[in-house]
Amino acid sequence: MAITPEQDAVCRYLRRHDLMSFAPTAALIDMDGTLYDSMPGHADAWYRLMTEEGVECEHDEFFLYEGRTGRDTIRILFRRAFGREATDEECEALYHRKTQYFSEMPPVKPMPGADSMVGEFMRRGIATVLVTGSGQRSLIDRLERDYPGAFPPAMQITSRDVEHGKPHPEPYLRAMERAGACPESSIAVDNAPMGVISGAASGAFTIGVTTGPIPEKELMDAGADIVYPSMPVLAERLPLLLDTFGMSI
Ligand code: CA
């Protein structure tokens with residue numbers, strides 16, 4: 001019988017980490033582009049801010065910085081445009097303006113399928129933790145309404161909780177601490193290359209999901225254990241993936 005992509009992914013993960021089995025106790029979940037369809041709005045806000053600042057940039061390049069903290073994105077663009085480091089004061093003021101521009105845009109919708117994914121983790125007693133490089137209160141404050149009970153404040157890692165943002169593994173490692181989980185019992189879910197690199201480097205089983213212009217291959221190349229082409233497909237296949245962990249393969 002042909003093996004499923006899920007069996008293949010789990011086998012490769014177990015072999016690479018030298019494990020006999022994997023029983024997930026925590027799901028560490030990215031916010032922008034994963035729980036919310038917010039990336040186009042973020043790209044618009046960044047593009048408006050940076051062109052106002054005289055930084056030459058492309059609208060779609062902001063999808064590539066997705067997952068990084070705002071501070072890191074500002075630093076990268078300042079180095080390229082002006083050949084110098086942005087000061088802490090500049091980073092703070094610019095990020096503040098960027099969050100304002102974002103919050104002036106039409107309300108962002110939850111990503112279709114994300115509620116089923118979160119619900120499936122919760123039904124199985126797998127702790128859910130938010131892992132975002134964002135400090136955008138307008139979205140973080142909506143989590144309880146859109147995903148009731150899933151991400152209480154103690155189960156949120158935002159830009160304020162880490163020294164190093166994605167692609168560094170620190171955000172996902174901190175999320176494991178919050179859930180009392182270890183890498184060998186954690187699943188990371190992220191839609192961007194920087195986030196997938198971070199999740200894979202933390203040692204978690206890393207699910208990549210494409211929800212924007214970034215192709216599936218880029219998430220595989222970033223180290224995802226498995227990649228789904230959309231959040232509804234991820235939600236549909238998740239029970240099978242979680243069942244696969246429970247089988248001896
Ligand atoms: Ca993201």
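**Group meeting talk: strands, a helix and some rings**

Okay, let's start in the sheet: strand 4 and strand 5, residues 205–209, run parallel to each other and pair over four bridges. One of the contacts to look for is D190, whose bridge partner in strand 5 is G208. Before I go on, keep in mind that this is a predicted model.

Strand 4 has a neighbour in strand 1 as well, residues 26–29, and that pairing is also parallel, over four bridges. If you want to find it on screen, go to I29, because its bridge partner in strand 4 is V189. Now, how do you get from strand 4 to strand 5? Helix 9, residues 193–202, belongs with these two strands, and together they make a right-handed β-α-β unit.

So, how many of the five residues of strand 4 are buried? Five of the five, across residues 186–190, so the strand is largely enclosed by the rest of the structure. It helps to remember that side chains in a regular strand alternate between the two faces of the sheet. Here both faces are covered: S186, A188 and D190 are buried on one side, and I187 and V189 are buried on the other.

Let's move to helix 3, residues 70–82. Here's a little check you can do yourselves. With 13 residues at 1.5 Å a residue, the helix should span 18 Å, and its end C-alpha atoms are indeed 18 Å apart, so the two agree. Which residues of this helix are buried? They are G70, T73, I74, R75, L77 and F78. What do those residues pack against? Helix 2, at 39–52, and helix 4, at 88–103. Right after helix 3 comes G83, and its phi is positive, near 65°.

Next, the aromatics. The structure holds eleven aromatic pairs. In one of them, F78 and F82, the ring centres are 5.0 Å apart and the planes sit at 85°, so we call the pair edge-to-face. These two are four residues apart in helix 3, which means about one helical turn separates them. Their surroundings aren't alike, though: F78 is buried, with a relative accessible area of 3%, while F82 is partly exposed at 37%.

Here's another pair, F205 and F245. Their ring centres are 5.0 Å apart and their planes are at 90°, so this one is edge-to-face too. This pair links distant parts of the chain: F205 is in strand 5 and F245 is in helix 11, residues 231–246, which puts them 40 residues apart. Are they buried or exposed? Both F205 and F245 are buried. They also have company, since Y13, F22, F205 and F245 form one aromatic cluster.

Last topic, the cysteines. How many disulfides does the structure hold? Zero. Why is C11 not bonded to another cysteine? Its closest cysteine sulfur is in C182, 20 Å away, and that's too far for a bond; the cut-off for a disulfide is 2.5 Å between the sulfurs. As for its setting, C11 is partly exposed, with a relative accessible area of 25%.

C91 is in no disulfide either, and the nearest cysteine sulfur, in C57, is 16 Å away. Unlike C11, which is partly exposed, C91 is buried, at 4% relative accessible area.

That's my tour. If you'd like one picture to take home, make it strand 4: buried on both faces, with strand 1 paired to it and strand 5 paired to it too.

Technical notes:
Residues are numbered from 1 along each chain as its sequence is written. This is a predicted model: local features need pLDDT of at least 70, side-chain atom pairs count only at pLDDT 80 or more; totals for chains, interfaces and linings use all residues. Side-chain values use heavy atoms; hydrogens and water are left out. The expected span of a helix is 1.5 Å times one less than its number of residues. Buried means under 20% relative accessible area, exposed over 50%, partly exposed in between (1.4 Å probe, protein chains only). Contact means heavy atoms within 4.5 Å. Two strands pair if DSSP finds at least two bridges between them. A crossover is right-handed if, with the strands pointing away from the viewer, the path from the first strand over the helix to the second runs clockwise. Rings of Phe, Tyr and Trp (its six-membered ring) pair if their centres lie within 6.5 Å; planes under 30 degrees apart count as stacked, over 60 as edge-to-face and the rest as tilted.
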